[in-house]
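Welcome! Please take a moment with the sequence and the model shown below, and then let us walk through them together.

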Amino acid sequence: MPLALVFTAIQTTTEELFFHGYVVQGASMISTNRVFLALVAAVVFTLLHLLNPEVSAGGWLTVFSNYFLVPGLLWTVVSLIDGTTELAIGAHFANNIIGILLFNIAGSAVTTPALFTISEFHATYVALSVLVAIPVFLASAYKVFKPDGASEPVSQSDRRGRR
């Protein structure tokens, strides 16, 4: 279990910094439109995960829900709204560590001794759980981590009247 925590933290942090930091910054050289930036990061993230075994087991529904919609698009939007990658890193870590420690899915990219073993991958159930998880995540993230005035960065334009 300690190895799973360490390696998952390294893996998720690296992915989030690359896709939602580096890729988004690179795409912003072409356009600063946030929809464009989110779509570029989501497509690149999805393309690099197409070799995972879940893709062949679940088809387009798995690609859309497991790779494009949640980690690709949703966490990019969260990073763009917050201006940081911390919340996306935490969400990605929580998603992966729950998947690793609670569910062992036969034929998945990571097979581990877990609390529950799933013998057959069902993309429909995963997609339905994603549709429930997205609003719950967004509601809790922006209710609990709602920015306040004290955490906002101070810029020169905020110093009116001071010279």
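**A walk from the rings outward**

Let us begin with Phe 19, which counts as buried because its relative accessibility is 5%, and buried here means under 20%. Please keep in mind that we are looking at a predicted model.

Phe 19 brings us to the aromatic rings. The structure contains four aromatic pairs. In one of them, Phe 19 and Phe 45 meet edge-to-face, with 4.9 Å from centre to centre and 75° between the planes. This pair joins distant parts of the chain, since Phe 19 belongs to helix H1 and Phe 45 to helix H2, 26 residues apart. Is Phe 45 buried or exposed? At 3% relative accessibility, Phe 45 counts as buried. Ring pairs also tie Phe 18, Phe 19, Tyr 22 and Phe 45 into a cluster.

Now turn to another ring pair. Phe 103 and Phe 116 have ring centres 5.8 Å apart and planes at 25°, so this pair is stacked; the cut-off for stacked is under 30 degrees. Here the link runs between strand S1 (residues 103-105), which holds Phe 103, and strand S2 (residues 116-118), which holds Phe 116, with the two positions 13 residues apart in sequence numbering. Phe 103 is partly exposed, at 33% relative accessibility, and Phe 116 is partly exposed as well, with a relative accessible area of 45%.

With those landmarks in hand, step back to the whole chain. The protein has five helices and two strands, and along the sequence they follow the pattern α-α-α-α-β-β-α. The protein has 163 residues, of which 34% count as buried. Among contacts with a separation of 6 or more, 63% are between residues 24 or more positions apart. The protein exposes about 10400 Å², and carbon and sulfur atoms supply 68% of that area.

Next, follow helix H2, the home of Phe 45. H2 covers residues 34-48, and its 15 residues reach 21 Å from the first C-alpha to the last, close to the 21 Å expected. At the start of H2, a side-chain oxygen of Asn 33 comes to within 2.8 Å of the backbone nitrogen of Val 35. Which residues of H2 are buried? They are Leu 37, Ala 38, Ala 41, Ala 42, Phe 45 and Thr 46. Viewed down the axis of H2, these buried residues fall within an arc of 155°, so they line one face of the helix. They pack against helix H1 (2-27), helix H3 (53-82) and helix H4 (86-102).

Two residues let us look at these neighbours more closely. In helix H3 we find Phe 68, which is buried, with a relative accessible area of 18%. Setting aside neighbours within four places in sequence, Phe 68 is in contact with Leu 39, Ala 42, Val 43, Thr 46, Val 63 and Leu 73. Phe 68 and Leu 39 are 29 residues apart in sequence, and 8.9 Å separates their C-alpha atoms.

In helix H4 we find His 92, which is buried at a relative accessible area of 2%. Not counting residues up to four places away in sequence, His 92 touches Gln 11, Thr 12, Glu 15, Glu 16, Phe 45 and Trp 75, so Phe 45 appears once more in our walk. H4 itself has 17 residues, which should span 24 Å, and its end C-alpha atoms are 24 Å apart, in agreement. Its buried residues are Leu 87, Ala 88, Ile 89, Ala 91, His 92, Asn 96, Ile 97 and Ile 100.

Note on methods:
Residues numbered from 1 in each chain as written. Predicted model: local features only at pLDDT ≥ 70, side-chain atom pairs only at ≥ 80, totals over all residues. Heavy atoms only, no water. Helix = DSSP H or I, 4+ residues; strand = E, 2+ residues; numbered from the N terminus. Expected span 1.5 Å × (residues − 1). Buried < 20%, exposed > 50% of the residue type's maximum accessible area, 1.4 Å probe, protein only. Arc of directions from axis to C-beta. Contact = heavy atoms within 4.5 Å. Polar contact = N/O pair within 3.5 Å; in protein donor to acceptor, adjacent residues only side chain to side chain. Areas by Shrake-Rupley, 256 points an atom, 1.4 Å probe, with all protein chains shown as cover. Phe/Tyr/Trp six-rings, centres within 6.5 Å; stacked < 30°, edge-to-face > 60°.
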